[in-house]
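Please open the model in your viewer and keep the selection panel at hand. The stops below proceed from domains to whole chains and then to a single residue.

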2 protein chains.
Amino acid sequence: MTSTTGRQAGKDSDVGSLSRAGDLFQLLRDGRARTRAELALSTGLARSTVASRIDALMLSGLVGPAGEALSSGGRPPSRFAFNPSARLVLAVDVGATHVIVALTDLGGNILAEHRLAQQVADGPEAVLDQVVAQGKELLASTGRTVAELAGIGIGLPGPVEHDTGKPVKPPIMPGWDGFDVVSYVQQSLPVHVLVDNDVNIMALGEQSAHWPEHSNFFFVKVATGIGSGIISNGQLQRGANGTAGDLGHVQVARGADVLCACGNYGCLEALASGPAVVRSLKEQGLDVARGADVLRLAADGNLQAIQALRQAGRDIGEVLATVVNLLNPSVIVVGGSVGETGEHLVAGIREVVYRRSPPLATSHLRINVSRAGSQAAVLGASQLVTQYVLSPAIIEATLSGAIAG
Amino acid sequence: MTSTTGRQAGKDSDVGSLSRAGDLFQLLRDGRARTRAELALSTGLARSTVASRIDALMLSGLVGPAGEALSSGGRPPSRFAFNPSARLVLAVDVGATHVIVALTDLGGNILAEHRLAQQVADGPEAVLDQVVAQGKELLASTGRTVAELAGIGIGLPGPVEHDTGKPVKPPIMPGWDGFDVVSYVQQSLPVHVLVDNDVNIMALGEQSAHWPEHSNFFFVKVATGIGSGIISNGQLQRGANGTAGDLGHVQVARGADVLCACGNYGCLEALASGPAVVRSLKEQGLDVARGADVLRLAADGNLQAIQALRQAGRDIGEVLATVVNLLNPSVIVVGGSVGETGEHLVAGIREVVYRRSPPLATSHLRINVSRAGSQAAVLGASQLVTQYVLSPAIIEATLSGAIAG
């Protein structure tokens, strides 16, 4: 495995020789066991070619023996299948005040996980040193090695330039602007490193783990800020500059006189984020300091807290109604520290979306609280890596290395 | 060429043998001439395989001879290139009160075109009979034959179910709901028939003809209605039910007391469409009956007309600011009968979008009037067909037929 930049693969990989063994492997990714003859038939490759590809895939560990097929006379032919436990991924969720580092296999199964308090504002070296240290410790504690690592996926709480994995003017991450996260991590762990913003990664984690059959999927995170991750036509959408899904500064009707930190009036985040709900309840005389206080009060039946959450839901619903008109998703998932716990918030969202959106777009629309919860980000970081390292081009490159080396 | 349903190809074509000759052809689609040896090197295919593929592609006419390469001794090797003029497309734009039928080649070049008045409300048989008759006449008048037709692309002014090409409860198309457009047309012209809604097709036409380097592209049509077509990550986005881009019924702030035909208040279409602008100017005592009257008045410098168009632009801009936040396109194109002519409308759009959208998303954002103009739809209908018929799976299926037949 060689080091790469954070560039995403799989979309426009070379047509041609690069994709040959990749193709064969893509067939096997469904987990079904097949014989060499079956693979030759499905791919149109010569049986000798299939045999050498299978040898290379076995050498890499990505494919393993899976019993024998029924014989039609003579020695029964061997069968082969994808072996998702062969290689590992470090999946990292960097939040404003925490870091979660998980060790997963290539099937997105979490093998071990560390969560710790860590200020992202301590800067990239401090945070990434911690990530590397925790990753090595996870490997050691599970008896695995760096050589088994296929890649590292990292979610950051700010905008990330897709092609380079560098943060771009992230508001709550002093010292991170333009920092070369990929190269820095690769100095310690020389594997594929992919970086994306946390909400994109949460969308990917939630969708891949819990809604894989929905290819038009929308994830909204409600916490200190409000953001979203868009999966359209099965692909995570990042937009021209990587800012797609930036929901927090969409204007909502109720807030014409509410000033947002961005300088505009009426931004969704200024009305419906955790801090905004806390502020409105403080103004009503309630003793709340953080979003968690509001959620606790609501759980205890406090009507003001319930109403505030429901109104935040309506404000978010106003923007999501536009999302439904524009993108026509089949599932909207509400996550983030405030969103996850919020039956009242989701009720407000549903109220407005089903009233404001066109019947054809809402007849089968589901609006749900996150199922992945606080694991959404690490599941997504793992998925980001597996999508990349198991893509035809990277598989082929890996195998060429395996054969040559 | 066999008949098919309206299903779109290219996205998830079979991994494996199906894509082999398709792959080789995809290489040639860039128009560059190559020798058999160059193609073997680029694809990893055996030279004998390349030779037989090239024979089949030559037989189909999709690839033609393109001179000779320099010889390194001996007979100079032949070169081959994609031949976009080999096959034809009928590109059809069905509007509320018109039909345009154009004959194009596989490069999207319009060879001949008929425009005629035709009420879509006359029903599918009347309209499609007209389309078929016009298509045959175009072929005859250019000395071409049905056998040269690769496919037919049709844009309809209402929602279309993507997989079947059937209109779904189209509001201005009585008799069309659920009508099997594909089968009906194939009774007369047995080729691939693809159907989509007009705004999706306009987006595809504008982007493919004038902004091919922009893979995050947004087209808004402003006419009797307001709708949009979304191209994200290079792909036309249709959403879970084919209603993506339905911009007309997004709520805007100014219209809280304006009732829309859909039953909701404050829909963009009720405030900023051609009829809405006409209505507001009538209320001011102006003698206007149609959108064209407003545009004429504005061109003559009438301040009320100019202000009404600019305000419509601001309303549209309010929704487009949300689009920019959500989708981060690098180009927004304004088209449709009102949008095309509207420097005042576009000025209003720019005013709001650049004020309301985040700096990172607008630093390189362009907001332009349509360049394709009234040809956007036929260009898009042509592109819809070529994307399909030149996709690896369909090329391979076509060649198998060519070889077998």
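Begin by selecting domain 1 and domain 3 of chain A: their centres, taken over C-alpha atoms, are separated by 44 Å. The assignment places domain 1 at 19-62 + 390-404, domain 2 at 88-203 + 377-388 and domain 3 at 212-372; such bounds come from an automatic or database domain assignment.

This is a predicted model, in which local features need pLDDT of at least 70, side-chain atom pairs count only at pLDDT 80 or more, and totals for chains, interfaces and linings use all residues. Residues are numbered from 1 along each chain as its sequence is written, chains are lettered from A and ligands numbered from 1 in the order in which they are written, and side-chain values use heavy atoms, leaving out hydrogens and water.

Next, colour chain A by pLDDT, the predictor's confidence in each residue, from 0 to 100. The average is 88, and 93% of the residues score at least 70. Now select residues 1-19 of chain A, where the pLDDT is below 50. This stretch nevertheless has 52 contacts in the model beyond near neighbours in sequence, a contact being heavy atoms within 4.5 Å. Where pLDDT is low, predicted coordinates should not be read in detail.

Display the whole of chain A as a cartoon. It contains 15 helices and 13 strands, defined as DSSP runs (helices H or I, at least four residues; strands E, at least two) numbered from the N terminus. The radius of gyration of chain A is 23 Å, close to the 22 Å that the globule rule gives for 405 residues, so the chain is as compact as a globular protein of that length. The radius is taken over C-alpha atoms, and the rule is 2.2 Å times the number of residues to the power 0.38.

Add chain B. A rotation of 180° with 0.1 Å of shift along its axis superposes chain B on chain A, with an RMSD of 0.1 Å; the two copies are thus related as by a two-fold rotation axis. The fit is by least squares on the C-alpha atoms of residues with pLDDT of at least 70 in both. Select B:A253, whose C-alpha, at 2.9 Å, comes closest to the rotation axis among the residues of chain B.

Finally, where does A:P157 lie? A:P157 is in the loop between β7 (149-156) and α5 (181-188) of chain A. A:P157 is buried, with a relative accessible area of 12% (buried means under 20%, exposed over 50%, partly exposed in between; 1.4 Å probe, protein chains only). Leaving aside neighbours within four places in sequence, its contacts include A:V94, A:I172 and A:D198.
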